[in-house]
Amino acid sequence: MKLLIIEDEPKTGDYLRQGLAEAGFVVDLARSGPDGLHWAQTGEYDLLVLDVMLPGLDGWEILSRLRGAGHALPILMLTARDDVADRVRGLELGADDYLVKPFAFSELLARIRSLLRRGKAKEPEQLVVADLELDLLRRRATRAGQRIDLTAKEFALLALFLRRPGEVLSRALIASQVWDMNFDSDTNVVDVAVKRLRAKVDDPFSERLIHTVRGMGYVMERRPS
Ligand code: CA
C-alpha cells in the first residue's frame, strides 16, 4: 500500500513518514502544496494524508482539484483546529475523513487502515453516461464497449464531465480543474482540448454527448435527437 503525505511542517512530515513506513506502508512525503498536488495527480497512491494549512496551495484547493479531476483516492485531512465549519467544508469537497492536530499516531493509523478497507469495498469506481464509461481505478475509458485511448488531461477532462452530467461547465471552471489555471488565463486551450476529446468519444458514434452551450461553456448529457 502506497501513501502520499502532503505536509509542510518538517518535524510533523518526518514523523508521519517514519511512523507510517514502520507500519509497513510505502510513503512519499511532499512538503508543499504544488508538489503534493502534482504527485497526487501523477502517482499511483492508495491514500492521501493531506494537511490543510500549506504554502502555495492549501489543502482545500488540493482536495477540490483532485475531486474535480475525477481522482477517487481516499483522502484524510489534517487540520490544526476542531472547527465544525471546516469539517463540513472538507466533507462537502469530498474528503473521506478528518483528524485534528495534535492527534495520537495510533488514531491516525487506525483511520488510515479503516479508509483503505472501505476503499477496497468500493472498487471498481465507474462513471457512466449513456454507453460511455470511465473506470477511475483502472483509468480506462470505453464507449459502446470500445476502448478509447486518452491522454492524462483528456482523462481528467472526461472525468470532470462525467462527474457532473447535465451541468454546464464554464471554460474557466474547466481550466482551473484540469489545468490548474486561473480564470484570466487563455481558455482557448479548453476549446482545443474539448475538440480533441470529442474526436475520440463523440465523433465516431451516432449520439453526441458533449454539447456546446453558447456563451457559457460545455455540458455532457443525453439529448433527444
Ligand atoms: Ca501545515
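Start with helix 3, where G59, W60, I62, L63, S64, R65, L66, R67 and G68 are buried. That makes helix 3 a mostly covered element, with 9 of its 10 residues buried. Keep in mind that this is a predicted model.

**Around helix 3**

What does helix 3 lie across? Helix 3 (residues 59–68) lies across strand 1, strand 3 (47–51) and strand 4, and runs at about 165° to strand 4. At the N-terminal end of helix 3, D58 acts as a cap, with a side-chain oxygen 3.1 Å from the backbone nitrogen of W60. Just past the other end of the helix comes G70, which takes a positive phi of about 90°.

R67, one of the buried residues of helix 3, has a partner elsewhere: its side chain and that of D96 are joined by a polar contact of 2.8 Å. You'll find D96 in the loop between helix 4 (84–92) and strand 5. Is D96 buried or exposed? D96 is buried, because its relative accessible area is 18%, and the cut-off for buried is under 20%. D96 also reaches the backbone of I75, whose nitrogen lies 2.8 Å from a polar atom of the D96 side chain.

**The parallel sheet**

Now for the sheet under that helix. It is an open sheet of 5 strands in the order 2-1-3-4-5, and the pairing is parallel. Strand 2 (26–30) and strand 5 (97–100) are at the edges with a single partner strand each, so one side of each has no neighbour in the sheet. From one strand to the next, the twist averages 20°.

If you want a spot to look at, try strand 4 (residues 75–79) and strand 5, which pair in the parallel sense over 4 bridges. There, M77 stands opposite Y98 in strand 5. Helix 1 (residues 10–22) packs on this sheet too, touching strand 1 (2–6), strand 2 and strand 4, and its direction makes about 170° with that of strand 2.

**The calcium ion**

Which residues coordinate the calcium ion? They are D8 (OD), D51 (OD) and M53 (O), at 2.1 to 2.3 Å. Along the chain these donors follow the spacing D-x42-D-x1-M. D8 and D51 link distant parts of the chain: D8 is in the loop between strand 1 and helix 1, D51 is in strand 3, and 43 residues separate them.

How accessible are these two aspartates? The table sets them beside D96 from the helix 3 region and R196, which comes up again below.

| Residue | Relative accessible area | Status |
|---|---|---|
| D8 | 28% | partly exposed |
| D51 | 4% | buried |
| D96 | 18% | buried |
| R196 | 52% | exposed |

**The antiparallel sheet**

Further along the chain there's another sheet. This one is open, with 4 strands in the order 6-7-8-9 and antiparallel pairing. Strand 6 and strand 9 (146–148) stand at the edges, each with a single partner strand, so one side of each is left free of a neighbour in the sheet. Neighbouring strands here are turned by 25° against each other on average, direction ignored.

Strand 8 (residues 140–143) and strand 9 run antiparallel and are joined by 3 bridges. T142 has R147 in strand 9 as its bridge partner. Helix 6 lies across strand 6, strand 7 and strand 8, running at about 115° to strand 7.

**Two nonpolar cores**

The largest nonpolar core has 29 residues, and those with the most contacts inside it are L134, L158, F161, I174 and M220. Several elements supply at least two residues each: strand 6 (126–129), strand 7 (132–135), helix 6 (152–163), helix 7 (171–179), helix 8 (188–201) and strand 11 (217–220). Which helix gives the most to this core? It's helix 6, with 8 residues.

For a closer look, pick I174. Leaving aside neighbours within four places in sequence, I174 is in contact with L157, L160, F161, L169, W179, V190 and Y218. A second, separate core has 20 residues, including I6, A30, L50 and L63. L63 brings us back to helix 3, where it is among the buried residues.

**One last residue**

R196 lies in helix 8 and is exposed, with a relative accessible area of 52%. Its C-alpha atom is separated by 8.2 Å from that of E154, although R196 and E154 are 42 residues apart along the chain.

Methods
Residues are numbered from 1 along each chain as its sequence is written. This is a predicted model: local features need pLDDT of at least 70, side-chain atom pairs count only at pLDDT 80 or more; totals for chains, interfaces and linings use all residues. Side-chain values use heavy atoms; hydrogens and water are left out. Two strands pair if DSSP finds at least two bridges between them. Axes are lines fitted to C-alpha atoms, for helices over the stretch in contact, and angles run from 0 to 180 degrees between N-to-C directions. Contact means heavy atoms within 4.5 Å. Donors are N, O and S atoms within 2.8 Å of the metal (3.2 Å for Na, K and Ca); water is not among the atoms, so sites may look incomplete. Buried means under 20% relative accessible area, exposed over 50%, partly exposed in between (1.4 Å probe, protein chains only). A nonpolar core is a set of buried Ala, Val, Leu, Ile, Met, Phe, Trp, Tyr and Cys residues joined through side-chain atoms within 4.5 Å. A polar contact is a pair of N or O atoms within 3.5 Å; within protein, one must be able to donate a hydrogen and the other to accept it, and residues adjacent in sequence count only if both atoms are side-chain atoms.
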